[in-house]
Structures are given as C-alpha cells and as structure tokens.
Amino acid sequence: MRALSYESTIRSCFIAYVVQAIINNFVPLLFVTFHESFGIDLGRITLLITINFLVQLFVDLTSACFVDRIGYRLSMILAHLFSAAGLLLLATLPFMMSEKYAALIISVFVYAIGGGLIEVLVSPVVEACPTKNKGKEMSLLHSFYCWGYVAVILISTAFFYFAGMERWRIMTLIWMLVPLANMVSFFFVSIFPIVPEEKKGKNGLFSNSMFWLFFLMMMASGASEQAVSQWASAFAEMGLGVGKTIGDLAGPCLFAFMQGLSRLYYGKYGDRINLRKMMGRSTVLCILRYLLASLSPIPAISLAGCALCGFSVGILWPGTLSIAAKHLPSGGTLMFAFLALAGDIGCSVGPSLAGFVSEKAGGNLSKGILAAIIFPILMACALLLLRGRKKRQISRETAV
C-alpha cells in the first residue's frame, strides 16, 4: 500500500501529542477515587506522578540506543501500543490483582514508556517532513499537547459529572481508543529520513558547544513553564476564592489554554515572524509576568500573571527544538532524545525550587515563584549568547 502524504504524517504527530497529554494528565484526576476505592493513602498515590516522570526520563536517556536501529515507524507504533496497553491495564489490572497499588504502578510504568517515546519521536518526525517553515509546524505540533491537556480535563470532568466517578473505567477505555487509532495510522504515513544522507556520520554532538547551549535552553524553558504551571491551581484558589477541585481545573486549564494559544499563533503566522526575536520577546514578557504573579498584592492579578506566563513560555520549548534542528542538522535521534531529557529535567527542577523556597518562606507561594524567575533569566542569557554566535558567524562569512 502506498504511504500517505507528509500532511498525514504531521496530523498523526499532532494526535500523538494529544496521546501524551492523556498519559500525563488523566490519572491525576482519579487520585481521590483511587484513595477511596482501593484504600491507598494519598502519599503513595501521588508517587505515581514521580514514577511516570522517572520512567519517561529513562526512556529519554536510552531511546537513542534503539530508535535508529528499529526505525522511527516501528518506534512510533510501539509508543502508541505501550500507551494504549497502559490505559487498558489501568482499567482492568486493579480488579484482577489483590495488591491494588502494585497494579497501578504496573499500569503507569507501561504507559509511561509510551509517553516517553512519543516525546522523543514526534519532534524529529515533524522536523524531517518537507515543510516550508519548520518552526511553524513545530510550534503547532506542541500546541496540541496544550489542547489535549485542556480536552482531557474538560471531557473527563464532564463525563464524571454526568456518568459518575464510579464509571471511571469507561472513561479510561475511551481515552485508550485515541492511541489505539493513531497507532494504526503510523503503519501507513510517510516517515522521512531524520538525518540527511550528506550529514550522516558527522555527529560529534557532545563536543559541540552549541548543543550544550540548546541543552541549557531546554532546561530553562521546561523550568520556566512548570514552575508556574504546577502551582496554577493554587493561584486559582487564591485568585478566584474557590475550592481545590475548581482550582485544579481553572488554574491549569487557563495556563494550558494561553500556552496553546501562543503556539497556535506562531503556527499560523510563523512565516512572517523571526523565531529568535519572538523567543527573546517572550522571555522578557515571561520575566515581567513572573514579577506580576509573585509581587502583586491582589490575588486575581496574580492569577492573571500566571495565565499570561502560559502565553509567554509557549514558544520557548518548540522554538528551541526548531532552532537546534536548524543549527545541528546531523544531531538526529541522539540530539532530540537529550534535548527532551533536558526539558524534563527542567520540568522537575522548576516546580521543585518554587516549592522549596515557598516552604522555607512559611508557605509563601509568591516568594517561591519569585525565586524561580532565575529560569527565564537563564533563558534570556542563553538567547543573548545564541545571538552573539550568530553575529560572529555572519561577520566571518562577510569577511570571506
């Protein structure tokens, strides 16, 4: 059967990021249900997030060892298979095993493998497609994680409201159909060479200072995003005066919506916009919005600052990947795997620093967010270094 066009490839990759949003954000909605139904304390249940994160980190670190060997098509199929299998196990295994917590860990472990693989695979697959403006496609691709995140929260919440939390297994199986259907599409879509033939064998990635600059940028972008995102529900509770349940919905949804909006904007108008300049302006806005969120005495304004942070950080992650692919065309799977690892490290360090400082300040969240301003500042410094290298390169080319 003839392979489908690259537009189909890109659409399938968009859906793959929705799958990752399901993997990362559906199970936390069930934590209270797991606590009440299975008698597992909330401390052990929240550890499932850490397990998911650590497994994805491990996949980031090791994927370069096997993805090129087995090929991107098979790797993408396996990523969706693991994602679907993990969700299927989540809906069935706890009712087949006496040790409920072990069943949950197994389920999370399986779908986390799929989520980690998707994170490594989708960006290089889209980058390899013969599109005119790769930065636009990369930004649009990453916006689908945001839309998927919002959809998971809203659709799941609506289902639980009308059908009841006791039918959570049905919702799990419904979400399982998304990776299952998208897996089928990857049997047929076109997969283009990740590294051009003329660039193969010319990696030297770890000895290239540019790679480490992009590594720092990915860490900074992940930390800048999650330092606020992970505390968005708390901002919503303070700013809107609502309970934790509504806060968990309003804060993260608002942040993700604004983040997706900025990525959608560049995805639509990227051919008219200089990506590096937009990233620089977004970083400056991010710093200002960190200050607004942390220093405003009015909680509602702090919440607005939190939402606007979502808009300002939206372009940083996909923009860094796109620029890295342009400057290091021979980086291939190894580069994308380690940049994903850097981003995930940042996603862990950012909220951890904010939480640590908040705790030391007597539970003052604003001081924690203010301390995390170091991450967008690091991003600004890295962009200045990148700009300096670009100017020196142009000067050398002009001299020649």
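These legends accompany close-up views of a predicted model.

**View 1. The largest nonpolar core draws on many helices.** This core holds 64 residues, and C13, F26, F34, L48, V122 and L141 touch the most other members. Helices α1, α2, α3, α5, α6, α7, α8 and α11 each supply at least two residues. Helix α6 (100-128) gives the largest share, with 13 residues. Another core, of 50 residues, lies apart from this one and includes L213, L275, I315 and L386.

**View 2. L48 and its contacts.** Here we zoom in on one of the core residues that touch the most other members. Beyond its neighbours within four places in sequence, L48 is in contact with F31, Y101, L104, I105 and V108.

**View 3. H80 is a buried histidine in helix α5.** Its relative accessible area is 0%. The side chain of H80 makes a polar contact of 2.9 Å with that of N182. Leaving out residues up to four places away in sequence, H80 also touches A16, V19, I118, P179, M183 and F186.

**View 4. R263 and E225 form a buried salt bridge.** The N to O distance between their side chains is 3.8 Å. Because R263 lies in helix α11 and E225 in helix α9, the pair ties together parts that are 38 residues apart in sequence. Relative accessible area is 3% for R263 and 9% for E225.

**View 5. Two further salt bridges, D41 with R44 and R167 with E166.** The structure holds 3 salt bridges. D41 and R44 meet at 3.3 Å, N to O; D41 is partly exposed at 39%, and R44 is partly exposed at 36%. For R167 and E166 the distance is 3.4 Å, with R167 partly exposed at 42% and E166 exposed at 58%.

How values were computed: Residues numbered from 1 in each chain as written. Predicted model: local features only at pLDDT ≥ 70, side-chain atom pairs only at ≥ 80, totals over all residues. Heavy atoms only, no water. Core = buried A, V, L, I, M, F, W, Y, C linked by side-chain atoms within 4.5 Å. Buried < 20%, exposed > 50% of the residue type's maximum accessible area, 1.4 Å probe, protein only. Helix = DSSP H or I, 4+ residues; strand = E, 2+ residues; numbered from the N terminus. Contact = heavy atoms within 4.5 Å. Polar contact = N/O pair within 3.5 Å; in protein donor to acceptor, adjacent residues only side chain to side chain. Salt bridge = Lys/Arg side-chain N within 4 Å of Asp/Glu carboxyl O.
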